[in-house]
Amino acid sequence: MWRNAVLVAVLALGMGYLYHTDPELPARMLNYISESVPQMEPSGSSELEEAIAHAWQTLITAPARRWARVAVGVNACVDVVVSGVGLLQALALEPGSGRDHEVLHTKEDLKEAFVHYMGKGAAAERFFSDKEVFQRIARAAAEYPGAQLFVGGNAALISQKLASNPELVVLLCGPVGPKLHDMLDEQIVVPPKSLQETDEFHLILEYKSGEQWGSSQAPQANRFILSHDVSNGEISTLETFVASLEEFQPDLVVLSGLHMMEGIGRDLWEERLKEAVVAISDVRNEVPIHLELASMTDRDYMNRILQEVMPIVNSIGLNEQELLFLAQSGGGPHADLTSWDGIPDVGRVSDILLWVLEQHGRADPESEADLTRIHFHTLAYHILATVDGHWGNQVAAVAAGARVASSQACGLQAVDITKVVLKAPLNFHSSFSEPRESLAVDPTRPVTMWRRGNVSFHLTPVLVCKQPLRTVGLGDAISAEGLVFSEVTPRPEL
């Protein structure tokens, strides 16, 4: 007994001495321990997941004012989904080292870019410049055992998700060929000028979590997308889309496909982007516009979108790769990061979101910019950042987006807690630097809210599917579901 007492006394004296020499050491040690030790799941196996899934049911409520008519444009195609490693082997390619390419010119470029992103477990999309080589790859993909054809293109996928709400009338404008037209939901209206004789095909090379090819191993399931798509690349239906709005009279416009122009060359995209800005500006002021981003590699092009397009839209949706590239392209916070290390740090993400809304949005009431909403999604959690006074029902909107990510990745209509796992940090900070607030996720009310200036942040964890069946279109489904549960706050009449 006396030995225990002596041991306790020695420890107490030691801690007292350390505190005397460095009063902040105990707090720093506790911080280090809490951030270094992984969150342990309770012995009940799925208690946290069950609590979160149950709480979502209560939190996800319909907005007071719902959208009735939504117009979506402008990229649409047919996705050929195939095993990435299997297809590359069928093309007689050998595993090797990875290297990113802004544009793919050869099968070797394709292999290197695929290996590069597979090793990171990150999504990417690239343009394939050689039409004949791409057609041979596409033919091999379509003939590969187990290959599947799906509705593709952000606009078409968002339309499909929106059309699952029977009370919504959805207009889709994009290059719609016969195959795609047959696959679309009957509720979707396609303007006659959007119809074309042939389909545009995109190849989706998927890989599973832990899948290995040579020395490269995927840390998580994801996909690599390639296409030789001139119609979508030039966003050729944009003017048709804007012209159709006058007759359709939507109360929400969703725009996507700008990333496709990156592959057509600087001279062409510079001119086409100017025309796109003019066309977007023609949309009636009272109709909110949501812009869905996608994978890009040209910093000049992304910076032009940041400077010229984002200020004239009301809302954007993007993932962690696109958010970091936005900061790198525009000289924002944490632009020195080359990539995220595992799950993106919430404080860093919060810093970049605030920067976008302050520098290119309407966080400043005197600003003439229209951007007031950003829906950010990554594998483990989602954040909805909104300028106060412009949007409502944020708790339901961010939770609805996370719920659909959890169910759709598993190929289900509802969340099955036996098939998902919580990967989000339960404790985090509102910013990467001081002053910052320490925050936590409460599984019984799993939407954490904080404010920075007049910007509100709502975070919810995602219940990550353990064995995802399909990763393509998750971001589009998340943004679509988030929009369905969002509402614009009426502006007071002057």
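# A first look at this predicted model

Leaving out neighbours up to four places away in sequence, His 116 is in contact with Gly 98, Arg 99 and Asp 100. His 116 belongs to helix α5, and its relative accessible area of 23% makes it partly exposed. What you have in front of you is a predicted model, and the mean pLDDT of its protein chain is 89. The points below go through confidence, a few single residues, and then some helices and how they pack.

**How confident is the prediction?**

- Across the protein chain, 90% of the residues reach a pLDDT of 70 or more, and the mean is 89.
- Residues 5-13 are a weak spot, with pLDDT below 50. Beyond near neighbours in sequence, that stretch has zero contacts in the model.
- Residues 17-44 also come out with pLDDT below 50, but this stretch does have 11 contacts beyond near neighbours in sequence.

**Two residues of helix α5**

- Start with His 116 again: its C-alpha is 41 Å from that of Asp 282, and the two are 166 residues apart in sequence.
- Tyr 117 also sits in α5, which covers residues 107-120.
- Is Tyr 117 buried or exposed? Its relative accessibility is 11%, under the 20% cut-off, so Tyr 117 counts as buried.
- Tyr 117 and Phe 224 are 107 residues apart along the sequence, yet their C-alpha atoms are 7.5 Å apart in space.
- Phe 224 also turns up among the contacts of Tyr 117, along with Asp 100, Ala 122, Ala 123, Ala 124, Arg 126 and Tyr 207, once neighbours within four places in sequence are set aside.

**Two acidic residues in strands**

- Asp 79 is part of strand β2, residues 77-83. With 3% relative accessibility, Asp 79 counts as buried.
- What does Asp 79 touch, not counting residues up to four places away in sequence? Its contacts are Gln 148, Leu 149, Phe 150, Val 151, Gly 152, Gly 153, His 202, Ile 204, Arg 470 and Val 472.
- Glu 206 is found in strand β8, residues 201-207. Its relative accessible area is 15%, so Glu 206 is buried too.
- Past the residues up to four places away in sequence, Glu 206 touches Val 81, Val 82, Ser 83 and Gly 84, then Asn 222 and Arg 223, and finally Leu 469, Arg 470, Thr 471 and Val 472.
- Arg 470 and Val 472 therefore appear in the contact lists of both Asp 79 and Glu 206.

**A loop residue: Glu 234**

- Glu 234 sits in the loop that links α9 (230-233) and α10 (238-248).
- At 35% relative accessibility, Glu 234 counts as partly exposed.
- Not counting residues up to four places away in sequence, Glu 234 touches Met 261, Ile 264 and Arg 272.
- Its C-alpha is 8.7 Å from that of Leu 258, which is 24 residues away along the chain.

**Helices α10 and α11, side by side**

- The axes of α10 and helix α11 (residues 266-281) are 10 Å apart, at an angle of about 5 degrees. That makes the two helices roughly parallel.
- On the α10 side the contact involves Leu 238, Glu 239 and Val 242, which meet Arg 272, Glu 275, Ala 276 and Ala 279 of α11.
- Sorted by class, this contact has four nonpolar and three charged residues, with no polar ones.

**Helices α12 and α13, crossing**

- Helix α12 (residues 299-309) and helix α13 (residues 320-330) have axes that come within 8 Å and cross at roughly 90 degrees. The pair is therefore roughly perpendicular.
- From α12, the contact uses Arg 299, Met 302, Asn 303 and Leu 306. From α13, it uses Glu 322, Phe 325, Leu 326, Gln 328, Ser 329 and Gly 330.
- These residues split into four nonpolar, four polar and two charged.
- α13 is mostly covered, with nine of its 11 residues buried. Among them are Glu 320, Leu 323, Leu 324 and Ala 327.
- What do the buried residues of α13 pack against? Their partners are α12, β14 (315-319), α14 (346-359) and β15 (373-377).

**Helix α15**

- Helix α15 runs over residues 394-409, 16 residues in total. From first C-alpha to last, α15 reaches 23 Å, close to the 22 Å expected at 1.5 Å a residue.
- Of those 16 residues, 13 are buried, which leaves α15 mostly covered.
- Just after α15 comes Gly 411, with a positive phi of about 75 degrees.

Notes
Residues numbered from 1 in each chain as written. Predicted model: local features only at pLDDT ≥ 70, side-chain atom pairs only at ≥ 80, totals over all residues. Heavy atoms only, no water. Helix = DSSP H or I, 4+ residues; strand = E, 2+ residues; numbered from the N terminus. Buried < 20%, exposed > 50% of the residue type's maximum accessible area, 1.4 Å probe, protein only. Contact = heavy atoms within 4.5 Å. Expected span 1.5 Å × (residues − 1). pLDDT = per-residue confidence, 0-100. Axes fitted to C-alpha atoms, helices over the stretch in contact; angles between N-to-C directions. Parallel < 35°, antiparallel > 145°, perpendicular 65-115°, else oblique. Nonpolar A, V, L, I, M, F, W, Y, C, P; charged D, E, K, R; others polar.
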